[in-house]
Amino acid sequence: MARYTSMDSGDKVPTRFVVLGGYLGAGKTTLAATLGKVLRSKHGKSVAIITNDQGNVLVDTEYMKDAGFDVKDVLGGCFCANFGEFVKNARSLVSMGRPDIIIAEPIGTSTAILGSVVAPLRSMYPDEFQVAPFFVVVDGTRAAELIRRPQGLVPGKLIPSHQITEAEYILLSKADRLEEGEIEEALGVLNKEAPDTPVIVCSALSRKNLDQILRIVLSDRVSSKEPREVDQRMFAMEKASMGWFNAHARLMADGRLDINAFVTSLMRRVATEFPPDTIGHVKVMLISPTASAKMSMVEDRMQVEGLKGGRYFSGEGKLVLNARVSAAPGDLRKAFERAIAETAQESGAQMLEMGEACFTPKPEAPSLFMK
Ligand SMILES: Nc1nc2c(ncn2[C@@H]2O[C@H](COP(=O)(O)OP(=O)(O)O)[C@@H](O)[C@H]2O)c(=O)[nH]1
Ligand SMILES: [Mg+2]
């Protein structure tokens with residue numbers, strides 16, 4: 001298939017564009033990576049990725065690079081507030097590798113993706129990008145708790161509830177961990193919040209219903225939902241109650257360092273400092289030339305993913321950590337600095353050139369809004 005290039009102007013094919021939204025820890029990155037791998041291996045498609053967050057080194061970006069994708073990231077906050085850079089990155093992926101499909105994952109707290117990213121992309125650049133219906137991933141293991149609002153609006157849960165109202169398809173994730181009754185309960189809640197939106201119950205892990213998602217991705221169905229204008233100040237309090245902590249460091253292992261033990265031990269220390277329901281998503285990745293692993297914690301659920309090579313390395317490695325917790329940024333910094341220092345000491349590693357930042361996520365100020 002000819003890609004969009006200035007060379008073959010008679011036969012331009014816009015790049016298929018998929019946006020996967022959804023809350024912190026919902027399963028967007030895991031699903032994007034799985035879809036990308038299946039598209040590559042079973043359908044012969046090349047896939048590139050755009051990641052997004054506020055921070056300067058992202059676990060998601062490192063993870064996607066490790067999985068062999070071309071990746072660009074938008075680091076200054078939500079795509080919706082950085083639309084120019086978002087388009088620039090998409091174009092640069094097209095000129096780098098001419099991907100068949102670009103998958104973009106906005107920051108988990110984004111609330112203006114349909115009107116400020118998906119709709120502008122589809123109406124301003126129809127010759128360059130063919131935008132698929134907007135998918136919003138909802139964590140199947142938290143759907144009822146995050147979205148159900150028995151006494152009206154529950155502060156602290158506005159963001160995930162709003163996100164599903166923007167969706168053209170809802171992807172109810174992590175079905176491998178759900179009983180039939182839990183799926184029914186989650187579907188009931190979603191149906192009440194977004195009665196006209198189709199829901200696909202899926203799992204990146206067991207690949208349940210991945211074919212349904214792939215069918216949409218591989219079709220030429222396009223996004224068409226009309227965005228509703230929303231006062232973004234509604235979400236300001238919820239954002240102000242959260243803290244972001246990002247760290248990246250070079251690390252020197254004195255002897256043989258057990259990567260899994262390192263990330264697990266670091267995460268356990270963090271878990272003891274904060275109540276589970278305050279943990280939006282904490283991600284840590286340790287990368288060396290011969291081995292790497294990523295670990296994620298959402299509430300009190302921890303998961304290690306060995307990515308490359310064996311369990312051990314010696315010499316130099318790189319540590320990347322992104323934490324999103326409902327806590328004061330200063331408390332996050334103290335707890336994480338201590339956890340990193342203690343873990344390094346315990347495993348006989350020295351931390352070199354550590355860079356870190358902690359802050360409250362920016363309120364969103366979308367660059368534009370389009371119907
Ligand atoms: N059991 C299970 N866990 C999953 C699945 N997808 C993602 N996860 C886990 O959920 C956590 C958050 O996933 P991630 O993709 O980073 O979420 P994101 O913040 O939305 O990008 C990680 O610990 C993943 O391993 C799934 O299909 N099944
Ligand atoms: Mg992610």
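Student: What makes domain 1 and domain 2 count as being in contact, and how many residues are involved?

Tutor: Two residues are in contact if their C-beta atoms, placed from the backbone, lie within 7 Å. By that rule, 14 residues of domain 1 touch 19 residues of domain 2. Helix 2 supplies four residues, the largest share of domain 1's side. That side has six nonpolar, five polar and three charged residues. Here Ala, Val, Leu, Ile, Met, Phe, Trp, Tyr, Cys and Pro count as nonpolar, Asp, Glu, Lys and Arg as charged, and the others, Gly among them, as polar.

Tutor: Keep in mind that this is a predicted model, where local features need pLDDT of at least 70 and side-chain atom pairs count only at pLDDT 80 or more, while totals for chains, interfaces and linings use all residues. Residues are numbered from 1 along each chain as its sequence is written, and chains are lettered from A and ligands numbered from 1 in the order in which they are written.

Student: Where do the two domains start and end?

Tutor: Domain 1 is 12-237 and domain 2 is 241-359, with bounds that come from an automatic or database domain assignment. Their C-alpha centres lie 26 Å apart.

Student: Why is helix 2 called mostly covered?

Tutor: A residue is buried if 20 or more other C-beta atoms lie within 10 Å of its own, exposed if 12 or fewer, and partly exposed in between, with C-beta atoms placed from the backbone. Six of the eight residues of helix 2 (59-66) are buried, namely Val59, Asp60, Thr61, Glu62, Tyr63 and Met64. Their cover includes helix 1, strand 2 and strand 13. Helices (H or I, at least four residues) and strands (E, at least two) are DSSP runs, numbered from the N terminus.

Student: What makes helix 4 largely enclosed?

Tutor: Nine of its twelve residues are buried, so helix 4 (113-124) is largely enclosed by the rest of the structure. Among them are Ile113, Val117 and Leu121. Strand 1, helix 3, strand 5 and helix 6 are included in the cover.

Student: How do you know whether Arg98 is buried, exposed or partly exposed?

Tutor: Count the neighbours: 17 other C-beta atoms lie within 10 Å, so Arg98 falls in between and is partly exposed. This residue sits in the loop between helix 3 and strand 4, and its phi is positive, near 45 degrees. Most residues other than glycine have a negative phi.

Student: And what about Asn209?

Tutor: Asn209 has 16 C-beta neighbours inside 10 Å, so it is partly exposed too. Its phi is positive as well, near 55 degrees.

Student: What makes a set of residues a nonpolar core?

Tutor: The members must be buried Ala, Val, Leu, Ile, Met, Phe, Trp, Tyr or Cys, joined through C-beta atoms within 7 Å. The largest such core has 114 residues, and Val138 is one of those with the most contacts inside it. Strand 9 gives the most, seven residues, and each of the two domains provides at least three. Among the residues that Val138 touches are Ile170, Leu172 and Leu190.

Student: Which residues come nearest to ligand 1?

Tutor: A residue is near a molecule or strand if its C-beta atom, placed from the backbone, lies within 6 Å of it. Of the 20 residues around ligand 1, Gly27, Lys28, Thr29, Thr30 and Ser296 come nearest. Helix 1 gives the most to that shell, three residues. Both domains contribute, with at least three residues each.

Methods:
Lists of a residue's contacts leave out its neighbours within four places in sequence.
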